[in-house]
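These are my notes from a reading of one structure. I record what I looked up, entry by entry.

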Amino acid sequence: MENSVWVAALAAAIIAGTPILYAAVGEIIAERAGVLNLGVEGMMLVGAVTGFMAAANTANPWLGFVVAMLASGAMAAVFAFLTVTLRSNQVVTGLALTLFGTGLSGFMGKPYVGVALPVTFKPVAVPGLSEIPVLGPIFFRNDPLVYITYILVPLAWYYLYHTRPGLNLRAVGENPGAADALGVNVFAVRYLHVIIGGMLAGAGGAYLSLAYAPSWLENMTAGRGWIAVALVIFAVWNPLRALLGAYLFGGVDSLVYTLQAATSISIPSFFLKMLPYILTIIVLVLATRQTVVKHIGAPGALSIPYDREER
Amino acid sequence: MKKAPRILMIGVILVLALGLLAGCGGQSPASDSEQKQEDKMKVGFVYVGPVGDAGWTWAHDQGRQYLEKQLPWVVTSYIENVPEGPDAERVLTQLAEEGHKVIFATSFGYMDYVIKVAEKYPDVVFMHCSGYKTAPNAGTYFGAMEEPRYLSGMVAGKMTKSNILGYVAAHPIPEVIRGINAFTLGARSVNPDVKVKVVWTNTWYDPAAEKQAALSLLDAGADVIAQHQDTPGPQQAAQERGKYAIGYNCDMRQFAPSASLTAPIWNWGPYYVQTVEAVKNGTWQPEQYYGTMKDGIVDLAPFNDVVPQEVRDLVEQKKQEIIEGTFYVFQGPIKDQKGQIRVPEGGKMSHEEVLGVDWFVEGVEGDIPK
């Protein structure tokens, strides 16, 4: 009994971590190209609302998921135009994107507040695997969008470290001038990966509105986009570590309620809810120090616009 | 060569920012502006949430629509999503300036702003929901939600098999504690073995958090979930797990058709009609209104089909006793969590004690954060 409560809490951690994981992997891909996109929160919100609108009108959550990725991908394309082609300041433009996405999603979602979706993503047990004690209920009785991350994360890792386009991507993020000299199209690489990153942020938002809640509410990401940005640093720009970090963040989230419901341990819930943010700061400090010492991690050209004439 | 793109970029960012302002600005869908008839009385409503929240604000808006339907000489308007802060003062002032004769402010946090604005507009009647401050032209109104909560507790106590009920609670304030106590007393009146586990979310309105809190209660063995929250998140959690739930604010069966058993609900309409009529007739007084089931301001939503007739009869009978005044929810003997008698046999909690309650009754598992 006591045991199953903790298994359930861990399962809840996976679910709470999944939207952050989508967004963080997307942001890792974009930052690996040397583009810092702080518009994650805004893109998640737009993904959440457009995905919800599409799913509510067509009764097809998969279509909603795709629409969410297209909408946030379009936002990322605008961002790429501003920062890659026009070389605007990435931090300022990213903040503008978040503000814009927050307002736009609230405006578009007005008629959808309190609407129930006809069909949502439901948990599907993986035959065989879901019967494994402890691990089965935690990892293999989730909805399809969680399973996608199980494939997405190793795929992103393999792409980054074991393929030629991945190598080109990292070269562009590290030293765009050198990559350009080798014949890599820096602008195309940056555009492509910023857009992919945006699409994954939208996927994270859609996970909230189509599977996790499932409903639409103004500003429903509640800062998860910023947690994702922090998670990128926590993961030192590595998708596999992002997986770990996302479940850790999600774990604290679910612990808040499990402690109250299942135990007599009385830790003020305000304190518990504060923990993920304290953790973020600690990780931020540690990870930054480590990267300075080891010269790994942060892409060398991160947040620096590339200008061929200034080489 | 380099200047042009930068100017273009600043332009685009400005457009983005303006788009944001436009998105936030469109927040006051004041109704019926097409035909302004001078002889109609203008009544304004200030809402803390969106009218589509399927909960608290939705219930108030049903009351507003009822008012407009019942009194043809009234024209209403509302402003939604008004935060409980300085914005409220601006919105209240705006409504008063526009010539609204009665203004209903429907959230606790508006209290001080209502009193402040009321001073400046002595000819306007202000009504504040759930507060306790009054002025010569400002009254308060609320309802005895504990009565239908007690009844919903009886339903939960009868329907549970695990004898563990879960309660997703918003903030540790007397209004919520009162509801938990009433629910627990009701459940234990029909099933003395019942325990009520409480989880605090520290939010009125967050579907994801509310749902997660409900799931953690279900994981801890609860098989009926009650809520003092404004979204159907906890109902959806129970539906997913094939368990039962008790809604709040309004009938929530559309979100959880087989899980949602019933709900303690608000019915503001008749009170709004009564108040506006009193203002028109000049009989209005700045009172602290506390309506009951007898007045119809609170009630129990229709039962789900799965609730057996025997339970319905039992609840119906108790409802009649409450309406007739032969039964009072907080009548003795009532013990607290430590088993100490707080209200002796034959005694009653006074209205002030009920409004300020800060302790749990016996059978509640959980702490009240101080």
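**Entry 1. Chain A**

What percentage of the 311 residues of chain A count as buried? I found that 53% of them do. I note at the outset that this is a predicted model.

I then looked up the secondary structure of chain A, which holds 12 helices and zero strands. Read from the N terminus, the elements run α-α-α-α-α-α-α-α-α-α-α-α. I compared the radius of gyration of chain A, 20 Å, with the 19 Å that the globule rule gives for 311 residues; the two are close, so chain A is as compact as a globular protein of that length. Along its principal axes, the C-alpha trace of chain A spans about 65 × 45 × 40 Å. I also checked the contacts in chain A with a separation of 6 or more: 78% of them join residues 24 or more positions apart.

**Entry 2. The largest nonpolar core**

Which residues touch the most other members of the largest nonpolar core? Among its 210 residues, these are Ala24(A), Leu231(A) and Ile225(B). Helix H1 of chain A, residues 2–32, gives the most to this core, with 18 residues. Domain 1 (41–143 + 268–291) and domain 2 (146–263 + 301–365) of chain B both give residues to the core, so it lies between them.

I followed Ala24(A) further. Leaving aside residues up to four places away in sequence, Ala24(A) touches Ala228(A), Leu231(A), Val232(A), Ala235(A), Ala242(A) and Ala246(A).

**Entry 3. The contact between the chains**

I looked up how the two chains meet. Chain A brings 34 residues to the contact and chain B brings 38 residues. On the chain B side, helix H1 (3–25), strand E7 (195–200) and helix H7 (207–219) each supply at least two residues. H1(B) gives the most to that side, with 11 residues. I sorted the residues of the side of chain B that touches chain A and obtained 22 nonpolar, 11 polar and five charged.

**Entry 4. The two domains of chain B**

I next turned to the domains of chain B. The assignment divides the chain into domain 1 (41–143 + 268–291) and domain 2 (146–263 + 301–365). Taken over C-alpha atoms, the centres of the two domains are separated by 29 Å. Eight residues of domain 1 of chain B are in contact with nine residues of domain 2 of chain B. The domain 1 side of this contact divides into four nonpolar residues, three polar and one charged.

**Entry 5. A sheet in chain B**

In what order do the six strands of the open sheet stand? I read the order as E10-E9-E8-E6-E7-E16 in chain B, with parallel pairing. Strands E10 (260–262) and E16 (364–365) of chain B are at the edges with a single partner strand each, so one side of each is left without a neighbour in the sheet.

At one edge, strand E9 of chain B, residues 244–246, pairs with E10(B) in the parallel sense over two bridges. There, Ala245(B) stands opposite Ser260(B) in E10(B).

Is strand E6 of chain B, residues 164–169, mostly covered or uncovered? I found it mostly covered, with six of its six residues buried. Ile164(B), Gly166(B) and Val168(B) point one way from E6(B), while Leu165(B), Tyr167(B) and Ala169(B) point the other way. E6(B) pairs with E7(B) in the parallel sense over six bridges, and Gly166(B) stands opposite Lys197(B) in E7(B).

Key: Residues numbered from 1 in each chain as written. Chains lettered and ligands numbered in written order. Predicted model: local features only at pLDDT ≥ 70, side-chain atom pairs only at ≥ 80, totals over all residues. Contact = placed C-beta atoms within 7 Å. Helix = DSSP H or I, 4+ residues; strand = E, 2+ residues; numbered from the N terminus. Nonpolar A, V, L, I, M, F, W, Y, C, P; charged D, E, K, R; others polar. Rg over C-alpha atoms; globule rule 2.2 N^0.38 Å. Buried ≥ 20, exposed ≤ 12 C-beta atoms within 10 Å, placed from the backbone. Core = buried A, V, L, I, M, F, W, Y, C linked by C-beta atoms within 7 Å. Domains from an automatic or database assignment. Pairing = 2+ DSSP bridges.
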